[in-house]
Amino acid sequence: MFGMFKKQPAPSGPIPFDFDILIDKPVSEVYPLVDWADPRNAKRQLGHVVGGQSPAFVLHLSFMPENRFALDVTEEKKDEAYAYRCDIQPRVGHLESSHERYTFESIGDTHCLLRLVVEATFIEGMTMAEFEEELMMVSVACNNSLAKLKIHAEHGLAVAQNAEHITFT
């Protein structure tokens with residue numbers, strides 16, 4: 001009977017997150033924004049440092065200079081799919097690693113549906129309250145990321161810079 005008040009451990013293993021967004025640009029203009037090797041990559045254009053070459057990149061975000069994002073590309077199908085595993089050091093919150101997969105679907109000649117599926121792996125031993133907070137933070141981060149990609153694709157770099165500044169100040 002007293003076991004029902006015991007703190008429940010958080011689930012283990014990768015937790016999937018799935019998001020879609022319609023972008024008013026063709027796939028050929030959106031795909032380069034997520035391709036780490038492309039000079040048109042959104043993070044590169046926003047002034048963040050992306051080093052390395054496919055399949056291994058390192059990202060340093062200007063607003064998180066103490067963190068290193070190791071990015072290992074796991075799938076590259078031009079204008080169809082792009083995926084990578086991300087390991088952040090030092091760790092951010094309880095996130096151990098993530099695998100992010102973008103897929104692109106043409107909607108006519110001028111639009112595309114961008115789908116992001118993230119599998120997040122969290123450290124062991126979290127409480128359910130910590131786990132639920134992490135779920136919320138990953139969901140918000142994914143939504144923000146897709147919204148900024150849409151802004152960047154549809155309205156250009158200057159508007160994307162403004163959106164990023166608002167997000168991180």
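**Group meeting: core, helices and salt bridges of a predicted model**

The structure holds 11 salt bridges. Good morning, colleagues. Please bear in mind throughout that this is a predicted model. I shall go through three of these pairs, then the core, two of the helices, and finally some individual residues.

Let me begin with the pair formed by Arg-115 and Asp-20, whose side chains meet in a salt bridge at 2.7 Å, N to O. This pair links distant parts of the chain, since Arg-115 belongs to strand E7 and Asp-20 to strand E1, 95 residues apart. How accessible are the two partners? Arg-115 counts as partly exposed, at 33% relative accessibility. Asp-20 counts as partly exposed as well, at 40%.

The second pair is Arg-101 with Glu-75, whose side chains form a salt bridge at 2.6 Å, N to O. Arg-101 is in strand E6 and Glu-75 in strand E4, so this salt bridge ties together parts that are 26 residues apart in sequence. Is Glu-75 buried or exposed? Glu-75 is buried, with a relative accessible area of 16%, while Arg-101 is partly exposed at 31%. I should add, returning to the earlier pair, that salt bridges with shared partners join Asp-18, Asp-20 and Arg-115 into one network.

The third pair is Asp-38 and Arg-40, with side chains that meet in a salt bridge at 2.8 Å, N to O. Here Asp-38 is buried, its relative accessible area being 12%. Arg-40, by contrast, counts as partly exposed at 43%.

I now turn to the interior. The largest nonpolar core has 41 residues. Which residues have the most contacts inside this core? They are Trp-36, Tyr-102 and Leu-114. Two or more residues each come from strands E1 (15-23), E3 (56-60), E4 (68-77), E5 (81-89), E6 (95-107) and E7 (111-122), and likewise from helices H1 (27-34) and H3.

Leu-114 deserves a closer look. Setting aside neighbours within four places in sequence, Leu-114 is in contact with Phe-19, Asp-20, Ile-21, Ile-23 and Val-30, among others. The list of its contacts also includes Tyr-102, Thr-103, Phe-104, Leu-146 and Leu-149. Asp-20 thus appears both among the contacts of Leu-114 and as the salt-bridge partner of Arg-115.

Next, the helices. H1 is mostly covered, with 6 of its 8 residues buried. These buried residues are Val-27, Val-30, Tyr-31, Pro-32, Leu-33 and Val-34. Val-30 is also one of the residues in contact with Leu-114.

Helix H4, residues 157-167, has Ala-160, Ala-163 and Glu-164 as buried residues. Why are they on the same side of H4? They cover an arc of only 100° around the axis, which puts them on the same side of the helix. An α-helix has 3.6 residues a turn, so residues three or four places apart point the same way. On the other side of H4, Ala-158 and Ile-166 are exposed. What covers the buried residues of H4? The cover includes helix H2 (42-45) and helix H3.

Helix H3, residues 128-155, is also the place of Met-137. Together with Met-136 and Val-140, Met-137 forms a nonpolar patch on the surface, and the three have about 270 Å² of accessible area together. Met-137 is partly exposed, at a relative accessible area of 38%. A residue needs over 30% to be part of such a patch, so Met-137 passes that cut-off at 38%.

Two further residues complete the survey. Pro-11 lies in the segment before E1 and counts as partly exposed at 42% relative accessibility. Where does Pro-11 make its contacts? Not counting residues up to four places away in sequence, Pro-11 touches Met-128 and Phe-131. Pro-11 and Met-128 are 117 residues apart in sequence, yet 8.2 Å apart in space, C-alpha to C-alpha.

Thr-121 is found in strand E7 and is buried, with a relative accessible area of 18%. Leaving aside neighbours within four places in sequence, Thr-121 is in contact with Pro-14, His-94, Leu-95, Glu-96 and Ser-97.

To close, I would draw attention once more to strand E7: the strand gives two or more residues to the largest nonpolar core, holds Arg-115 of the pair with Asp-20, and contains Thr-121. Thank you for your attention.

Definitions and conventions
Residues numbered from 1 in each chain as written. Predicted model: local features only at pLDDT ≥ 70, side-chain atom pairs only at ≥ 80, totals over all residues. Heavy atoms only, no water. Patch = residues over 30% accessible without salt bridge, like charges linked within 9 Å, V, L, I, M, F, W, Y side chains within 5 Å. Areas by Shrake-Rupley, 256 points an atom, 1.4 Å probe, with all protein chains shown as cover. Salt bridge = Lys/Arg side-chain N within 4 Å of Asp/Glu carboxyl O. Helix = DSSP H or I, 4+ residues; strand = E, 2+ residues; numbered from the N terminus. Buried < 20%, exposed > 50% of the residue type's maximum accessible area, 1.4 Å probe, protein only. Arc of directions from axis to C-beta. Contact = heavy atoms within 4.5 Å. Core = buried A, V, L, I, M, F, W, Y, C linked by side-chain atoms within 4.5 Å.
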